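Trainee: Could you take a close look at one helix crossing for me, and then tell me how the rest of the model is laid out around it? I'd like the terms explained as you go.

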Amino acid sequence: MADVSIRQLNKKYDNGFHAVKDVNLEIRDKEFLVLVGPSGCGKTTTLRMVAGLEEITSGEIRIGPDVVNDLPPMDRNIAMVFQNYALYPHKTVFDNMAFGLQMRGYAKDDILKRVREAAEILGIEPLLERKPRQLSGGQRQRVAVGRAIVRHPEVFLFDEPLSNLDAKLRVQMRVELKRLHERLETTAIYVTHDQVEAMTLGTRVVVMKDGRVQQVGEPLELYGRPANKFVAGFIGSPAMNFVEVSISGDGRWAEAEGLRLSTPERLRAHGGQRLTLGVRPEALQIANGAGDSSFATAVDVIEPLGNEILLNFRAGGVAMVARVDPGVRVKAHENIRFALDPERLHFFDAKTEDAI
Amino acid sequence: MLIERKWKKWVYFYLPMAVFIVFTLFPFYWMAVTAFRPDTELYATWRQPNAQPLWTLAPTLEHVKGLLQTTAFPTWLWNTMLIAIVATIISLICGMFAGYALSRLRFRGSEFLGTAIFITYLVPQTLLFIPLADIIRDLHLGNTPWALMLTYPTILIPFCTWLLMGYFKTIPKELEECARIDGATRFGAMVRIIFPVAIPGILSAGIFAFTLSWNEFIYALVFMASADQKTVPVGVVSELIRGDIFFWGQLMAGALLGSVPVAIVYSFFVEYYVTGLTGSVKG
């Protein structure tokens with residue numbers, strides 16, 4: 001069990017690419033921290049630096065009380081699960097799981113006990129004598145996790161471990177990983193590009209872009225109070241709707257083509273500015289009558305998903321999506337009035353894209 | 001529809017396949033037939049009545065016996081085997097380490113080094129044997145098996161290095177990284193994980209290296225003078241062609257017996273090689 005502390009971490013490759021820029025993270029003991037972001041955002045590089053597989057250009061990484069910058073991976077007391085599982089193809093499942101223990105000179109009985117224990121937790125006991133190529137994707141995934149947990153490391157590192165699985169299995173493994181973390185209570189750092197995975201697994205989530213941390217927070221905090229436009233658009237599916245608006249002189253109204261919405265109190269100081277308005281699809285609700293903060297539009301595409309209905313339409317000059325209750329009866333090309341709660345509107349600076 | 005398909009399969013598959021097989025195997029067949037054909041048939045013209053150019057009616061072992069009794073063939077076979085095995089082992093070991101380093105380690109000039117090694121492979125042996133002969137003489141290795149055991153790797157190491165470099169590149173680097181997290185050093189990960197996984201590649205490099213050294217002619221001809229030090233290809237050619245007389249029967253018997261060990265090596269390892277390849281490395 002250990003905290004992980006990352007300070008002013010930078011990674012610059014020989015070709016000049018600056019992959020990780022001034023990353024600061026404090027990962028608490030027993031926490032499940034998820035790094036999420038689009039590809040090339042530096043999340044995997046950060047994880048690999050924690051693992052010791054990538055050299056650090058500048059900055060400091062501590063695991064527990066020790067600075068591990070110059071320690072080889074084997075001396076960091078970590079375990080890592082790779083995207084392609086990286087099972088040793090010439091070894092049986094048992095030997096795959098036992099390898100790390102053998103390398104560390106554990107006694108035979110102890111190895112046997114630990115491997116059996118891990119296999120039991122993951123339900124892979126019948127597979128111990130098989131070779132990796134005789135396993136299905138989900139089974140390989142379990143073996144890869146098993147190999148990580150036998151050593152009882154201080155920190156688990158996961159590098160997109162579910163992205164090679166099919167959608168159904170991914171959902172199932174996601175739950176299992178969460179359950180496993182609750183049982184083992186080990187600090188975990190998990191990298192993914194899937195925001196749903198990030199939200200469901202993470203105690204806290206770190207959103208990264210272009211090598212920089214955009215926001216760190218609990219899942220609902222990121223969803224409800226995104227720090228900038230990037231986080232707002234990245235977290236949530238369907239994504240948040242964005243409209244360029246101009247704020248009236250007194251700061252009371254946000255206006256765009258065909259839109260006039262009343263604004264929350266905090267916008268009074270921003271009168272006359274051009275801002276980006278963000279609206280979550282579920283913040284758009286069908287209104288009965290005309291109100292201060294409503295607008296009418298024609299829905300062009302309806303996506304009935306069963307548990308909800310997505311309505312696609314144009315407003316303020318851009319395409320938008322609303323998520324409404326499945327009980328609502330709407331026909332395509334019908335004119336509908338949507339109402340908005342001013343308190344559920346997000347505003348972002350048009351230049352810096354920071355939240356207001 | 002079905003009939004048409006059958007017809008097409010014959011024209012596009014069986015027929016070209018048959019032509020190919022005949023074309024490839026005929027020299028071997030000819031060698032075998034000649035080895036067992038009595039001299040009376042061998043030196044008779046095809047125009048005479050009852051001539052059977054494509055097979056023999058009176059197979060004989062006289063050429064095989066003659067080869068084993070009148071020449072040093074068993075010694076040549078032993079020499080060839082010893083030299084081929086030692087040269088292959090030396091080349092494989094060097095090739096494995098060099099191939100690993102060039103495919104995995106990032107160091108200044110690694111790409112240049114890889115290309116340079118390949119270029120040395122392109123220098124023809126017919127030029128290289130002259131300076132090598134000088135070196136062999138200076139080291140007093142001439143006419144000893146070491147002359148060939150040490151010069152064959154000059155061709156084989158670049159070859160093995162390149163072949164293995166390509167193979168190592170197909171092995172996901174995560175395997176090695178995982179081993180290093182599991183507690184292995186870089187060297188340990190290479191020896192315990194990468195080499196065992198690369199066995200199909202190492203075997204194929206070994207088979208090729210073995211065959212190349214088994215069949216090598218120029219160096220063996222130049223560096224080995226006395227009859228008891230010769231290898232099969234050189235021995236057979238130099239001892240069984242006397243002046244303008246070709247002892248065809250014994251020549252072919254020598255060629256036949258000389259190719260048996262290679263055939264055995266192939267048949268034994270090809271099985272392993274194929275199973276090795278079908279077991280995928282990927283997760």
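Mentor: Angle words first: under 35 degrees is roughly parallel, over 145 roughly antiparallel, 65 to 115 roughly perpendicular, and the rest oblique. This is a predicted model, where local features need pLDDT of at least 70 and side-chain atom pairs pLDDT 80 or more, while totals for chains, interfaces and linings use all residues. Residues count from 1 along each chain as its sequence is written, with chains lettered from A and ligands numbered from 1 in written order.

Now your crossing. Helix α3 of chain A covers residues 108–122 and helix α4 of chain A covers 137–149 (helices are DSSP runs of H or I with at least four residues, strands runs of E with at least two, numbered from the N terminus). Their axes come within 9 Å and cross at roughly 140° (axes are lines fitted to C-alpha atoms, for helices over the stretch in contact, with angles from 0 to 180 degrees between N-to-C directions). α3(A) and α4(A) are therefore oblique to each other. As for the hand, α3(A) and α4(A) make a right-handed crossing (the near helix is turned clockwise from the far one by less than a right angle; anticlockwise would be left-handed).

Who does the touching? On the α3(A) side you'll find Ala118(A), Ala119(A) and Leu122(A), and on the α4(A) side Arg142(A), Val145(A), Gly146(A) and Ile149(A) (contact asks for C-beta atoms, placed from the backbone, within 7 Å). Sorted by class, that patch holds five nonpolar residues, one polar and one charged (nonpolar takes in Ala, Val, Leu, Ile, Met, Phe, Trp, Tyr, Cys and Pro; charged is Asp, Glu, Lys and Arg; polar is the others, Gly among them).

Let's step back to the chain that holds this pair. Chain A has eight helices and 20 strands, and its C-alpha trace spans about 75 × 45 × 35 Å along the principal axes. Of its 356 residues, 40% count as buried (20 or more other C-beta atoms within 10 Å of the residue's own; 12 or fewer is exposed, in between is partly exposed, with C-beta atoms placed from the backbone). Among the contacts in chain A with a separation of 6 or more, 65% join residues 24 or more positions apart.

Chain A splits into domain 1 (4–234) and domain 2 (241–349), with bounds from an automatic or database domain assignment. The centres of these two domains of chain A, taken over C-alpha atoms, are 39 Å apart. Five residues of domain 1 of chain A are in contact with five of domain 2 of chain A, and the domain 1 side is made of two nonpolar, two polar and one charged. Around there, Ser237(A) and Pro238(A) are joined by a cis peptide bond, with omega about 0°. Pro238(A) lies in the loop between α8 (229–234) and β11 (241–247) of chain A.

One more loop in chain A: Asp166(A) is between β7 (155–159) and α5 (167–184). Asp166(A) counts as exposed because 9 C-beta neighbours are inside 10 Å.

Next, the meeting of the chains. Chain A puts 21 residues into the contact and chain B puts in 18. On the chain A side, β6 (78–81) and α2 (93–103) are the elements that give two or more residues. That side of chain A comprises 15 nonpolar, three polar and three charged residues.

Chain B gives you another helix pair to set beside yours. The axes of α4 (residues 73–104) and α7 (residues 145–170) of chain B come within 6 Å and cross at roughly 35°, and α4(B) passes α7(B) in a right-handed crossing. Their contact has 22 nonpolar, six polar and two charged residues.

Ahead of α7 of chain B, look at the loop from α6 (125–138), where His140(B) is found. His140(B) has a positive phi of about 55° although it is not a glycine. Asn143(B) is found in the loop between α6 and α7 of chain B, with a positive phi near 65°. His140(B) counts as exposed, with 10 C-beta neighbours inside 10 Å, whereas Asn143(B) is partly exposed, with 15 other C-beta atoms within 10 Å.

Key
Contact = placed C-beta atoms within 7 Å.
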